[in-house]
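This report describes selected local features of one protein chain. The sequence and the structure follow, and the text then considers individual elements in turn.

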Amino acid sequence: MPNTVLAFDIGGTKTAWAIVDEEGTLGKRGEFATPQDRETFLAQFKKVVDAHADVAGVGIGIAGTVSANHKNTLVCPNIPELSHLELSETVSKPCAIDNDGRCALIGEAWLGAATDTSSAVMITLGTGVGGAVMQRYKVLPHPTDLSLEISHLVADPDDYYPAKAGRGTIEALIGGKNIEARYEVSLAEMSGRTQKDDTDATEFWQILQHAFHQCIRAIHEAYGCRMIIVGGRGVKDLPLYLGGNPTPCPVIPAKLGPDAGLYGAARLGFDAVEEDAKDWDEE
């Protein structure tokens with residue numbers, strides 16, 4: 001499969017993978033629960049890589065920060081055991097790694113909702129909150145300083161919850177892990193109960209709607225973006241987060257849905273293949 005790459009989207013809860021061709025068509029795909037220890041994760045990762053040795057390259061999106069050369073992980077807040085992991089050295093093909101939020105926006109800029117805009121912010125809702133910014137048609141590099149991540153923007157300075165990202169941050173307000181710890185409920189369960197007109201679920205989502213709109217306003221004020229794209233597992237609940245309330249700019253679901261990160265990782269893989277093919281000594 002010389003015109004395909006293997007794409008990974010590594011999240012705090014699950015790792016998805018797919019074979020993707022140059023047109024952006026997803027072929028064979030699968031997923032596994034993300035192991036929380038390094039050895040088990042590497043064994044699962046290598047098993048998938050070794051089973052698809054005929055691809056041209058590998059692209060990886062992960063929830064965390066990566067090295068400037070896009071070869072290794074630096075800090076993975078929701079999967080600490082995968083911090084400082086030299087993933088690229090376990091792959092014999094051209095390989096690139098980037099933050100999962102940035103991968104999602106790269107995917108949307110390539111084939112999704114951001115193809116026709118010059119300015120957008122992407123947030124991915126899952127175990128945590130990922131984020132990326134596109135300005136003047138360019139997806140900006142992901143900050144290596146965690147305090148500069150979109151998830152660390154303060155959206156509610158009066159919030160009391162002591163999240164690792166900081167009180168009142170976007171991560172504290174709408175990150176899945178923090179929501180479930182704060183309210184002692186399952187997001188999936190409350191989503192399902194809303195469909196049954198459950199009073200407690202309705203009140204729960206009204207609280208989250210307020211928090212979500214605080215986050216949207218904070219993002220818009222920080223970046224002056226033309227649109228905010230929502231991806232990740234939480235995209236299916238976007239109508240519940242929005243609640244029909246007005247927003248300072250369009251807030252839309254990722255056109256590529258939860259697969260946006262896979263498409264972006266694939267684009268990384270193709271770019272790594274092209275980079276590897278360059279003859280830097282050529283006059």
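Is G261 buried or exposed? The model is a predicted one, and in it G261 has a relative accessible area of 4%. Because buried means under 20% relative accessible area, G261 counts as buried.

**Surroundings of G261**

G261 belongs to helix α8. Apart from neighbours within four places in sequence, the residues in contact with G261 are D9, C103 and A104. A further long-range relation links G261 with R102: the two are 159 residues apart in sequence, yet their C-alpha atoms lie 8.0 Å apart in space.

**The largest pocket**

Rolling a probe the size of a water molecule over the atoms shows where empty space is left. The largest pocket found in the model has a volume of about 880 Å³. Its lining comprises 47 residues, and those closest to the centre of the pocket are A63, N78, D100, T127 and G128. By class, the lining is made up of 16 nonpolar, 20 polar and 11 charged residues. Several elements each contribute at least two residues to this lining: the strands β1 (4-10), β2 (14-21), β3 (26-33), β8 (120-125) and β9 (129-135), and the helices α2 (100-111), α4 (176-183) and α8 (260-277).

**The five-stranded sheet**

Strands β8 and β9 also take part in an open sheet of five strands, whose order is β10-β9-β8-β11-β12 and whose pairing is mixed. The edges are occupied by β10 (138-139) and β12 (251-253). Each of these two has a single partner strand, so one side of each is left without a neighbour in the sheet. Helix α6 (residues 199-223) packs on the sheet and touches β8, β9, β11 and β12. The direction of α6 makes about 150° with that of β8.

How do the strands beside β8 run relative to it, parallel or antiparallel? β8 and β11 (residues 227-231) run parallel and are joined by five bridges. β8 and β9 run antiparallel, with six bridges between them. The connection from β8 to β9 is a hairpin through three residues. Individual pairs can be named on both sides of β8. On the β11 side, A120 has M227 as its bridge partner, and I123 stands opposite V230. On the β9 side, the bridge partner of M122 is A132.

β8 is mostly covered, since six of its six residues are buried. Both faces of the strand are covered: A120, M122 and T124 are buried on one side, and V121, I123 and L125 are buried on the other.

**Residues with positive phi**

Which residues have a positive phi although they are not glycines? Two examples are H84 and R136, with the values below.

| Residue | Phi | Relative accessible area |
|---|---|---|
| H84 | about 55° | 58% |
| R136 | about 50° | 78% |

H84 is found in the loop between β6 (73-75) and β7 (95-99), whereas R136 is found in the loop between β9 and β10. Exposed means over 50% relative accessible area; H84 is therefore classed as exposed at 58%, and R136 is likewise exposed at 78%.

Conventions
Residues numbered from 1 in each chain as written. Predicted model: local features only at pLDDT ≥ 70, side-chain atom pairs only at ≥ 80, totals over all residues. Heavy atoms only, no water. 1 Å grid on protein atoms, 1.4 Å probe; cavity = no way out; pocket = protein on both sides within 12 Å on 5 of 7 lines; lining within 4 Å. Points joined across faces, edges and corners; volume = space filled by probe spheres on them. Helix = DSSP H or I, 4+ residues; strand = E, 2+ residues; numbered from the N terminus. Nonpolar A, V, L, I, M, F, W, Y, C, P; charged D, E, K, R; others polar. Buried < 20%, exposed > 50% of the residue type's maximum accessible area, 1.4 Å probe, protein only. Contact = heavy atoms within 4.5 Å. Pairing = 2+ DSSP bridges. Axes fitted to C-alpha atoms, helices over the stretch in contact; angles between N-to-C directions.
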